[in-house]
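Okay everyone, thanks for coming. I'd like to walk you through a structure that may be new to you, so let's put it up on the screen.

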Amino acid sequence: MTASSYQHLLADMTLQEKISQLVQLAGPFFKGSTETGHITGPMAEMPITENHIINAGSVLGVSGAAEVRSIQKKHLEQNRLGIPLLFMADIIHGYKTIFPVPLAIGCSWDLKLAKRSAEIAARESSVSGVHVTFAPMVDLVRDPRWGRVMESTGEDSYLNSAFGRAFVEGFQGNDLTNNLESVAACVKHFAAYGAAEGGRDYNTVDMSERELRESYLPAYKAALDAGCEMVMTAFNTVDGIPATGNKELMRDLLREEWGFDGVLISDWGAVKELIPHGVAENEKEAALKALTAGVDIEMMTECYVQHLESLVAEGLLKIELIDEAVLRILALKEKLGLFENPFRGADIELEKEIVGHADHRQAAKELAAKSTVLLKNNKQTLPLDKQAKVALIGPFAESNDLLGPWSALGAREEAVTLRQAFEQIRPVNTFTVAEGSSIDQVSKEQIAQALAAAADADVVVMALGESSNMSGEACSRTNIQLPAPQIELLQAVAALKKPVVTILFNGRPLDITNVVSHSDAVLEAWFPGSEGGNALVDLLFGEINPSGKLSMSFPSNVGQVPVYYNHFNTGRPKGAPDAQVHYVSQYLDAPNKPLFPFGFGLSYTHFNYEELKLSSVELSPGSSIQATITVTNSGDVSGEEIVQLYIRDIAGEIVRPMKELKDFARLALAPGESKEISFSITEEQLRYHHKDLSFKSDPGAFELFIGSSSEHTFSQSFILLKEGGQSK
Ligand code: NOJ
């Protein structure tokens with residue numbers, strides 16, 4: 001079908017048929033079309049289910065080739081114009097083969113592997129009938145109290161943009177129409193959902209438009225520039241107006257200014273939520289506001305289906321707005337090839353072959369290893385001696401709760417646990433296992449068993465963390481320490497004075513001060529996915545050298561939150577040469593700095609940085625200078641180092657962050673090997689949003705930093721010349 005033919009389809013559609021395209025419902029509604037009485041709960045009350053005839057254009061959360069084919073077939077038998085359904089689902093970090101959670105993937109700084117993870121997720125889900133994934137989530141996150149930080153790649157807009165692009169490229173490939181192993185991507189949550197006040201989910205977001213554009217919007221834009229087909233709205237308000245009814249955000253910025261002409265979908269129930277938010281008195285007003293603001297598809301509520309018709313009849317809504325939305329949806333169906341082949345990739349035989357394929361598991365293992373961050377390693381406790389007798393203790397010693405939130409289709413029983421991974425590579429008499437505590441309870445007997453296991457071992461591996469239902473949507477917490485019973489267990493074991501290695505499984509940066517103080521080594525494993533155990537055992541025994549670097553700061557305590565690396569200075573910064581002792585910007589009872597900063601992560605080897613050189617200390621607009629540094633692996637094992645480039649604008653029209661990530665590179669170095677790495681600096685990289693929102697640079701002094709984290713850097717100064725070559 002060509003563009004003109006679906007235009008033609010539009011001409012044949014009744015208003016009701018058009019409106020049905022703008023409705024998205026979950027699976028049970030569709031099963032209900034043949035199995036009467038299938039729908040239960042509040043959804044059953046929706047008039048849309050009358051006579052069990054489903055008037056919707058897309059389906060949420062259904063997958064499985066047989067299921068999708070059957071729903072599509074029944075739908076097409078009933079649909080007068082033969083317009084196929086679109087199947088959308090949350091394929092966030094894998095379909096059946098589960099990769100580490102996105103925050104962990106962020107810590108890999110490995111864009112190629114991130115892209116590969118999305119390709120695999122697309123492959124597995126497409127063959128299972130999915131057409132669109134609700135990913136990537138690129139919300140900038142600075143508050144670990146928010147349970148959804150695990151869905152983002154972190155606190156930096158440059159890094160989030162790079163990952164956003166990589167995920168979109170991986171999901172969509174180059175040819176959505178003909179490549180049946182691809183799915184369309186839907187970037188979310190537009191916009192700034194990650195800035196919810198107090199880290200409480202769904203809460204208010206309020207910031208200047210300048211900050212919105214400077215820090216929060218770039219990653220959505222990057223995903224769209226990479227060709228992302230869809231956008232999902234956010235639940236929060238932006239400057240007093242819920243994102244889902246926010247015309248300025250969607251029509252003016254997203255559509256007009258950025259030229260986005262794809263499909264915009266509300267988040268679940270977000271159109272109806274305009275009522276409790278307090279910008280609509282009833283569903284009719286909510287429907288009017290959302291559609292006028294630009295929402296094409298209403299997910300899971302019935303404001304559109306109930307009220308758009310009368311809004312048009314009463315002259316309150318122009319039919320053209322509905323037509324435009326319908327056309328965008330039809331265009332996406334066309335692009336996915338659904339008019340030609342409504343079943344698209346859904347293939348019952350191939351599904352058996354492809355889903356969970358060994359190659360996919362291998363990629364999941366590789367990414368889990370690269371996403372793990374070594375936070376502490378005193379006295380080279382890690383890697384473990386291969387002969388060492390190990391006590392594996394803690395609620396994650398044998399837990400298969402390794403997939404993390406948003407992994408509904410991943411099978412926990414297929415996740416490799418730490419214990420299973422140990423069993424595969426070590427004789428049984430070389431390790432013992434004790435649960436020690438559950439996630440949030442501990443008994444004297446459990447501690448006694450743990451101590452007995454530890455007493456008999458050369459080294460203790462503590463596997464501690466949050467269960468996966470402690471992070472993710474609607475899982476905000478004000479206490480971001482490990483549950484107290486696990487700390488009690490750790491302290492009891494540490495008192496034996498054996499070497500203690502703690503592996504953490506969690507979905508957010510935690511306050512781990514008391515974990516670090518009772519451990520000789522700490523590995524942050526996040527929720528590592530289907531191959532977690534295998535990856536971790538390889539890391540423990542040095543088969544793989546850790547190389548992950550934090551993409552979100554770990555606070556020293558919750559009172560510091562939000563604490564992030566690219567903050568502004570103040571007029572009274574702590575530690576300045578002329579600073580007073582008392583009247584400076586500081587906490588009386590805690591440091592200003594996080595416990596572990598953005599970009600931080602250790603290795604089993606050492607990397608020395610030397611000789612940071614600039615090709616010139618003057619940069620002219622239109623040209624570039626090179627910043628070069630030599631990195632040497634001074635240890636005795638091979639390793640990979642993520643070399644990071646940051647820049648600070650010393651004095652701008654607007655105050656500028658202390659440091660901003662501008663580039664990075666992963667270097668693989670054999671023992672004793674040195675490599676020189678060069679970064680190119682151009683005037684474009686120095687641009688930012690000014691008071692009048694113009695995006696430009698300020699001539700003058702800059703400082704450039706290269707190093708192994710946002711805190712550990714070498715620096716040089718340079719000057720950005722004015723156009724024409726004068727200094728400021
Ligand atoms: C609500 C979540 O906020 C969103 O991220 C998700 O894609 C939808 N539900 C659909 O499940």
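**A walk through the model**

Let's begin with a helix. Helix H9, residues 218-225, lies across two strands, S5 (184-190) and S6 (230-233), and its direction is at about 165° to S5. Before I go further, please keep in mind that this is a predicted model.

So where do S5 and S6 belong? They sit in an open sheet of eight strands, and if you read across it the order is S9-S6-S5-S4-S3-S2-S1-S10, with parallel pairing. At the edges you find strand S9 (263-265) and strand S10 (298-299), each of which pairs on one side only. For anyone who wants the background: strands of a sheet pair through backbone hydrogen bonds, either parallel or antiparallel.

Let's zoom in on one pair. How many bridges link strand S2 and strand S3? Three: residues 58-60 of S2 and residues 86-89 of S3 pair in the parallel sense. Within that pair, Ser58 stands opposite Leu86 of S3.

Now the ligand. There are 13 residues around it, and the ones that come nearest are Asp90, Arg148, Lys188, His189 and Asp267. Three of these are worth pointing at. Asp90 has a polar side-chain atom 2.5 Å from an oxygen atom of the ligand. For Asp267, a side-chain N or O atom is likewise 2.5 Å from a ligand oxygen. In His189, a side-chain N or O atom lies 2.6 Å from an oxygen atom of the ligand. And how much of the ligand does the protein cover? On its own the ligand has 300 Å² of accessible area, and the protein covers 94% of that. As for who makes up the shell, by class we have seven nonpolar residues, one polar and five charged.

Stay with His189 for a moment, please. This residue is found in strand S5, and the peptide bond leading into it from Lys188 is cis, with omega near -5°. There's another cis bond to show you, between Ala135 and Pro136, with omega at about 5°. Pro136 is in the loop that connects strand S4 (132-133) and helix H7 (157-172).

One more backbone detail. Lys379 isn't a glycine, yet its phi is positive, near 50°. You'll find Lys379 in the loop between strand S11 (373-377) and strand S12 (390-393). I'm flagging these spots because most residues other than glycine have a negative phi, and most peptide bonds are trans.

Last stop, further along the chain. Here is an open sheet of five strands in the order S18-S26-S25-S20-S21, and its pairing is mixed. The edge strands are S18 (618-619) and S21 (660-669), each pairing on one side only. Parallel or antiparallel, how do S20 and S25 run? Antiparallel: six bridges join S20 (residues 639-649) to S25 (residues 700-707). One bridge to look for there is Ile647, whose partner in S25 is Leu704.

That's my tour, thanks for listening.

Methods. Residues numbered from 1 in each chain as written. Predicted model: local features only at pLDDT ≥ 70, side-chain atom pairs only at ≥ 80, totals over all residues. Heavy atoms only, no water. Pairing = 2+ DSSP bridges. Helix = DSSP H or I, 4+ residues; strand = E, 2+ residues; numbered from the N terminus. Contact = heavy atoms within 4.5 Å. Axes fitted to C-alpha atoms, helices over the stretch in contact; angles between N-to-C directions. Near = heavy atom within 4 Å. Polar contact = N/O pair within 3.5 Å; in protein donor to acceptor, adjacent residues only side chain to side chain. Areas by Shrake-Rupley, 256 points an atom, 1.4 Å probe, with all protein chains shown as cover. Nonpolar A, V, L, I, M, F, W, Y, C, P; charged D, E, K, R; others polar.
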